[in-house]
Every structure is written in C-alpha cells, then in structure tokens.
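Good morning, colleagues. Please take a moment with the sequence and the model as they come up, and then I shall walk through several local features in turn.

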Amino acid sequence: MSQTSPPPSGLLTQPLPRTMRAVVITGHGGLDVIEEREVPVPRPGPGEVLVRVHAAGCNNTDLWTREGSYGAAENPDVRTGWLGPLDFPRIQGADVAGRVVASGDGTAAGPIGARVLVDPAEYDGPGPDARPADVLGSERNGGFAEYVVVPSARAHSVDESPLTDVELAALPIAYGTALGMLDRGAVSEGHTVLVTGASGGVGLAAVQLAHSRGARVVAVCSSDKGEAVRSAGADAVVDRRGGQVLADAAGAAPEGYDAVVDVVAGAVLGPGLSLLRTGGCWVVAGALGGWAVDIDVRKLYLANLSLVGSTMHTPRIFDHLVEIARRGEVRPVVAATFPLGKVSEAQAQLAQRRHVGKLIVVP
C-alpha cells in the first residue's frame, strides 16, 4: 500500500491511503478479463460515505455481467451488463458489509465508524416500492476492493447484528431477491411453498426465509445437496435429476401449493401451474432452465392463479432484510471464502454450481 494522503473533504477517522487493491473486469469475456490492480482509493462526495470492505458476496449476476450474457432487449446477441452497457474497467461485487471510515458531508460524523450492510441498488424513484435503476458492481464500482463509495442512505447500520461480516455479505442480492419473491407471493405462516433451484444463492435464501415465516417448504435440488437444503429449513426435498420433478412435487404436497418460488423457469413452469392451489401464486426471478416457456392461460384464469415476475428488492424489502439481519433471524449459509486476489477462483467455483450456500470474498 502506498503512503497516505491528506484528509479529503468531509469527515474521516484517520488518514486514508492513496491507493488500494481492487479486482476489475477489463471487458466482457471469460475469467481472463479479471485482473487485480492497485487503484486510487475513491473519495466520497456529498451524500456519500466511504466503506472499508470487510466482506463482499459473489452472485450469478457477477458471472453474467462479466460475460455480457444479458443481451440488449432489441438484440439478444449484443453483450451487455444487467441494466445495459458497462464502462470498463469495472470493480464488481454488489454485496458489501464493512465499516464507514469517511463521509463526504462535513456537517456530522454520525455514520463514521458504523458497521454497515450496503443496499446495492439505486432506485428509479423515492417511494418504498421503487425499482432498482443501477446496481453496485455493475453500473457503479463495487465491493471487490478494499474500499467502496456508496450513497450514505444505502449504508444501513447493523452494529447490533449477531451475524459476522461474512454472513452479512451473503445477504443483499440473494436474500433481498428471495425476500422480494416471498413478499410478492404473499407467503405466510401455514402456507406450503415450493422452491426451485433450492441449493443456489436465491433458492437457499428462499428456503430459509420461508421456513422462518412458518411455511412448509418443499425444495427442488439435486439429491447430493438434499441434506444441506434440509438443514437450511426444507421439510421435503425433490430430486431435480430424478426425471419426474412435477410428479414428485405433487406427491410432496397433495393439497397443492400456495406459492412457487422459482429461479429456474424453463419446461417446468407451464405444466407446473397445476401444482398451485386455487388462488395460488407462481413467482419467477430467474431462467436457469430456459427463458422461453409455454403456458396454457386457461390454467391461470380458471383457477384465479397469479404469475408474477420479481427482480431484486425494493427499498421497503431491503429495510425488512436489514431488520432480519439486526435480529439475526436467519443465519446465511456460507460455502467458502476467498481472498481478494482469488476472485477468479470464486467465480469459477460459482459457475460450477457444486456448492451449497454463498461464496464470499474477504479483502
């Protein structure tokens, strides 16, 4: 690390270094576009704080943004990030837990020293149900670095949380998305819920959060991950490799499901609507099994079903997630941690999908 610089405008606890270690992607592509670099420490402006990153979670969005696999709406063959074209180099890492070390506002030292969980989203409006307009680590530099600048309003104090920094860093994208899906599916105590892709980040989060709400959870995952998923709160497990997912899911809940929390979609979605009870809700937030689906709309309207899309979280949902973190109501499952210089290894392991739980980078 280079010598420290004079204090920036605003407030801080101690002189900051001029440079920091960060991992950037230099363009869309494979693991070869990931580079560790020495870069300037960012300085917070008005309404911003500088967070010393203690842990940063890995997500599928990191892979797909790096690969440019989202595609433009008008041309799916064009490589883009999640919400559009990216500027490079870009520091990825949307999930950040750390401590505030400087503020761009020179009026009060309130946030200085606070242990925080960062909401990675900036929103398209001021309301509690606003939609994400840009995301940390995609449209803005993120947490695969020693420091990151974030809007002060998105740095939520979690000083009282019993969760470790590594556990906190597992929460924002995966657990925020899962919580949003449960909210949109109106999942509550006594409901029966089917969760697809239950060993992945969002799926496992949905299992834990639905269980914490008092719902009965049936989880779809490969048999070798079934015990870990049961330990997270699933009451029954359906083997996705058994060749009869829908029949097995129906057998696990003969009276039907109040909600399906789906990150897979594909061939299961259309015929799977028959699994829902009258008035039930199918919430989808992913397309790991394929984005083109066939639906018999008669199944929707004759049984008063709902088919709902769900992307990430809203300010209201993230506030709820922060309260869950402060109380330690759910302890995220962490599969492995990696040092900052091993981000490429973390992404390679994430792509293989052999683990259960979250992969976390610790600078």
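Where is the place of asparagine 304? Asparagine 304 sits in the loop that runs between helix H8 (297-302) and strand S17 (306-309). Before going further, I should say that this is a predicted model. The backbone at asparagine 304 deserves attention: phi is near 50°, a positive value in a residue other than glycine. As for its surroundings, asparagine 304 is exposed because its relative accessible area is 55%, and exposed means over 50%.

A second residue with positive phi is alanine 265. Its phi is about 60°, although alanine 265 is not a glycine. Alanine 265 belongs to the loop between S15 and H7. Is alanine 265 buried or exposed? With a relative accessibility of 6%, alanine 265 counts as buried.

The next residue along, glycine 266, lies in the loop between strand S15 (257-262) and helix H7 (269-272). Glycine 266 has a relative accessible area of 3%, so it is buried. Which residues does glycine 266 touch, once neighbours within four places in sequence are left aside? They are Gly289, Gly290 and Val293. For a sense of distance, threonine 196 is 70 residues away from glycine 266 in sequence, while the two C-alpha atoms are 11 Å apart in space.

I turn now to asparagine 59. This residue occupies the loop between strand S4 (48-57) and helix H1 (60-67). Its relative accessibility is 5%, and asparagine 59 therefore counts as buried. What does the side chain of asparagine 59 join in a polar contact? The partner is the side chain of aspartate 95, at 3.0 Å. Apart from neighbours within four places in sequence, asparagine 59 is in contact with Asp95, Ile173, Ala174, Leu350 and Lys358.

Cysteine 58 is likewise worth a look. At 3% relative accessibility, cysteine 58 counts as buried. Cysteine 281 has a relative accessibility of 8% and counts as buried. How many disulfides does a search of the whole structure find? The search returns zero disulfides.

On ring interactions, the count of aromatic pairs comes to zero. There is, however, a charge placed over a ring: arginine 52 lies over the face of tyrosine 147, at 5.3 Å from the ring centre.

Let me move to a sheet. Strands of a sheet pair through backbone hydrogen bonds, either parallel or antiparallel. Here three strands form an open sheet in the order S3-S2-S5, with antiparallel pairing. Why do strand S3 (34-40) and strand S5 (90-91) each have one side without a neighbour in the sheet? Both stand at the edges, and each has a single partner strand, so one side of each is left unaccompanied. Strand S2 (residues 19-25) pairs with S3 in the antiparallel sense over seven bridges. Within that pairing, valine 23 has glutamate 36 in S3 as its bridge partner.

One last backbone feature concerns proline 89. Proline 89 is found in the loop between H1 and S5. The peptide bond that joins phenylalanine 88 and proline 89 is cis, with omega of about 0°.

To close, I would return to two positions for discussion: asparagine 304, exposed at 55% relative accessible area, and alanine 265, buried at 6% relative accessibility. Phi is positive at asparagine 304, and phi is positive at alanine 265. Thank you for your attention.

Key
Residues are numbered from 1 along each chain as its sequence is written. This is a predicted model: local features need pLDDT of at least 70, side-chain atom pairs count only at pLDDT 80 or more; totals for chains, interfaces and linings use all residues. Side-chain values use heavy atoms; hydrogens and water are left out. Helices (H or I, at least four residues) and strands (E, at least two) are DSSP runs, numbered from the N terminus. Buried means under 20% relative accessible area, exposed over 50%, partly exposed in between (1.4 Å probe, protein chains only). A polar contact is a pair of N or O atoms within 3.5 Å; within protein, one must be able to donate a hydrogen and the other to accept it, and residues adjacent in sequence count only if both atoms are side-chain atoms. Contact means heavy atoms within 4.5 Å. A disulfide is a pair of cysteine sulfur atoms within 2.5 Å. Rings of Phe, Tyr and Trp (its six-membered ring) pair if their centres lie within 6.5 Å; planes under 30 degrees apart count as stacked, over 60 as edge-to-face and the rest as tilted. A charge sits over a ring if NZ of Lys or CZ of Arg is within 6 Å of the ring centre and within 35 degrees of the ring normal. Two strands pair if DSSP finds at least two bridges between them.
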